[in-house]
Amino acid sequence: MQPLLQHLHHKLTEPQLYRISSHDNNSTAPHPPKQMSPNTDTATGSWYVTPSGLQWHHSTTPTPTPFSIRPLSRPSRDELSFELIGVDVSFANALRRIMIAEVPTMALENVYMWNNTSLIHDEVLCHRLGLVPLNVDPRLFDEFGLEVEEDTGELASTDRNTIVMRLHVVCGRDEKEDEKIRHKMNKKWKMEGLVSGYDVQKEQEKREEKEKRENTRTEEGEDEEEQDPSVMDVTVADDAAKEASNLQASNQAKKTPIDSTGRPFTRHVYTRDLLWAPQGDQLSNFPLHSKGVGSGVGGGIRPISEDILLAKLRPGQVIELEAHARKGVGKDHAKFSPVATASYRLMPQIEILKPIYDDLAEELVNWFEPGVFTLVPVSKEENKKGYKTKAELSNPYACTMSRNYMRNPILKESIKMSRIPNHFIFNVESVGMMEPAVIVAEALRILKEKCERVVELADGALASMGE
């Protein structure tokens, strides 16, 4: 078992760098999306997981592994498809369960409700807050309970294990009064050092404007000899019109949904109204102008999405609370699960027992998922027999084991379909606080630690029996 544990072990000699697969010149090269790596068809090396995603590292010597993990596709930042080859189904299922239930994340755990006069009950509101995913890397925080207060002996809440969020919203009589109340409270929050989603948005807009000005100066310096400052170019007017339309669209997007005529004003409370109260050196570690570690708005410690509806208020209603986020795992509560979905399926194995030509070939291509079979021209010998096209297996990865072809008795005898028992295709979709490749690497690390504990217990039992 020890060699397997060594291969399960990630490369932890470098900080936050985990190897998830390797191959040499004699093995099949991985097939990631073009944006993930340069050409690796003839390369020797390994895929590594870094905080920024997957990276290919070249190596001069082949790395033998009892199994391999190879990226297949990455449709978006939060989605990853990879194949796991050469392992038992118990290993694949253990990896899936660990990704769902044992990779730790940060989520709102304790909510202190100071005032709530809205229609939504305290328990329901607390539950909604707990399910809001936070855009923060949990590996940068410690587990709660490791430190104890010296005076009282109680568990200590520090800036290393707790994130403090606050919510204080008051609904005015109408939109104008509500806007005045919000501006007044914003000044108070800034004096207290609290950060809202509006503040993060302003800091990021300032950064984007600064970068845009620098890029504009560079372009003007290159083209100042060709341009006449006294004549307005047509492209300038086009750019101005485009900026005006974008500004108008953004203003419309920021407006509160229109209520029915005659009804009282309604204040919609979103996750952007949550206030982050930085503790200790959290503000320096998570600056507002940064892009963040997840796929959300980024900057500071904010929810993944700023547009999640939390509650609706009528004039005079108030919500005031404080919530503490801590580290946890999905087996304690689903809010800690880092994945929206983590599933696998066995690799299909399709064999063409008899050649399939012309109309039958076209029928076969249409019955399967797009790309599984393709029509190709026949050879000269087959053309002499009167055939024009035939079906050829193109991409078995796209097959979902459809049995529609069995409706035709000829195709039923011409195709053999089965599954490879030790070849799995995984699909992982992250909630957003960590990239899916990092979640897979963390799950493998946890699985490796579990195997080491079993080996230690087995060695201890054998040693006691020998004595």
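Visitor: Where is M401 found?
Guide: This is a predicted model, and M401 makes a good starting point. M401 is not a glycine, yet its phi is positive, at about 60°. Its place in the chain is the loop between β14 (389–393) and α10 (409–414).

Visitor: Is M401 buried or exposed?
Guide: The cut-off for a buried residue is under 20% relative accessible area. M401 has 10% relative accessibility, so M401 counts as buried.

Visitor: Which helix does D358 lie in?
Guide: D358 is a residue other than glycine with a positive phi, near 50°. Its relative accessibility is 24%, and therefore D358 counts as partly exposed. The helix that holds D358 covers residues 358–367 and is α8.

Visitor: Stepping back, how many helices and strands does the protein chain have?
Guide: The protein chain has 467 residues, of which 40% count as buried. It exposes about 26900 Å², with 50% of that supplied by carbon and sulfur atoms. Its secondary structure comes to eleven helices and 15 strands.

Visitor: What share of the contacts with a separation of 6 or more comes from residues 24 or more positions apart?
Guide: One example of residues far apart along the chain is V428 and S81, with their positions 347 residues apart. Their C-alpha atoms are nevertheless separated by 6.4 Å. Over the protein chain, among contacts with a separation of 6 or more, the share from residues 24 or more positions apart is 74%.

Visitor: What is the relative accessible area of V428?
Guide: V428 is found in strand β15, residues 415–430. Beyond its neighbours within four places in sequence, V428 is in contact with residues including L80, F82, M99, V339 and V440. V428 is buried, and its relative accessible area is 2%.

Visitor: β15 belongs to an open sheet of four strands; which strands stand at the edges?
Guide: The strand order is β4-β5-β15-β12, with antiparallel pairing. Each edge strand has a single partner, so one side of each is left without a neighbour in the sheet. The edge strands are β4 (68–73) and β12 (339–352). Neighbouring strands here are turned against each other, direction ignored, by an average of 35°.

Visitor: Which residue in β5 stands opposite S73?
Guide: Strand β4 pairs with β5, residues 79–85, in the antiparallel sense. Five bridges join this pair. Opposite S73 in β5 stands S81.

Visitor: How do α2 and α11 cross, left-handed or right-handed?
Guide: The axes of α2 (residues 89–101) and α11 (residues 436–466) come within 9 Å and cross at roughly 115°. That angle makes α2 roughly perpendicular to α11. F91, A94, L95, I98 and M99 of α2 make the contact, with α11 contributing residues including I439, V440 and A443. The crossing is right-handed.

Visitor: Which strands stand at the edges of the open sheet with the order β6-β11-β7-β9?
Guide: This sheet has four strands with antiparallel pairing. A strand with a single partner has one side left without a neighbour in the sheet, so the edge strands are β6 (105–116) and β9 (275–277). From one strand to the next, the twist averages 25°.

Visitor: Which residue in β9 is the bridge partner of R166?
Guide: Strand β7, residues 163–170, pairs with β9 in the antiparallel sense over three bridges. In β9, the bridge partner of R166 is L275.

Visitor: Which helix packs on this sheet touching β7 and β9?
Guide: Helix α3 (residues 122–130) packs on the sheet by touching β6 and β11 (318–328), and its direction makes about 150° with that of β6. The helix touching β7 and β9 covers residues 175–191, and its direction makes about 150° with that of β7. That helix is α4.

Visitor: In β10, which residue is the bridge partner of R267?
Guide: R267 is in β8 (residues 267–270), a strand covered on both faces: R267 and V269 are buried on one side, H268 and Y270 on the other. Four bridges join β8 to β10 (residues 309–313), and the two run antiparallel. The bridge partner of R267 in β10 is L313.

Notes
Residues are numbered from 1 along each chain as its sequence is written. This is a predicted model: local features need pLDDT of at least 70, side-chain atom pairs count only at pLDDT 80 or more; totals for chains, interfaces and linings use all residues. Side-chain values use heavy atoms; hydrogens and water are left out. Buried means under 20% relative accessible area, exposed over 50%, partly exposed in between (1.4 Å probe, protein chains only). Contact means heavy atoms within 4.5 Å. Accessible areas come from the Shrake-Rupley method with a 1.4 Å probe; for residues, only the protein chains shown count as cover. Two strands pair if DSSP finds at least two bridges between them. Axes are lines fitted to C-alpha atoms, for helices over the stretch in contact, and angles run from 0 to 180 degrees between N-to-C directions. Angles under 35 degrees count as roughly parallel, over 145 as roughly antiparallel, 65 to 115 as roughly perpendicular and the rest as oblique. A crossing is left-handed if the near helix is turned anticlockwise from the far one by less than a right angle, and right-handed if clockwise.
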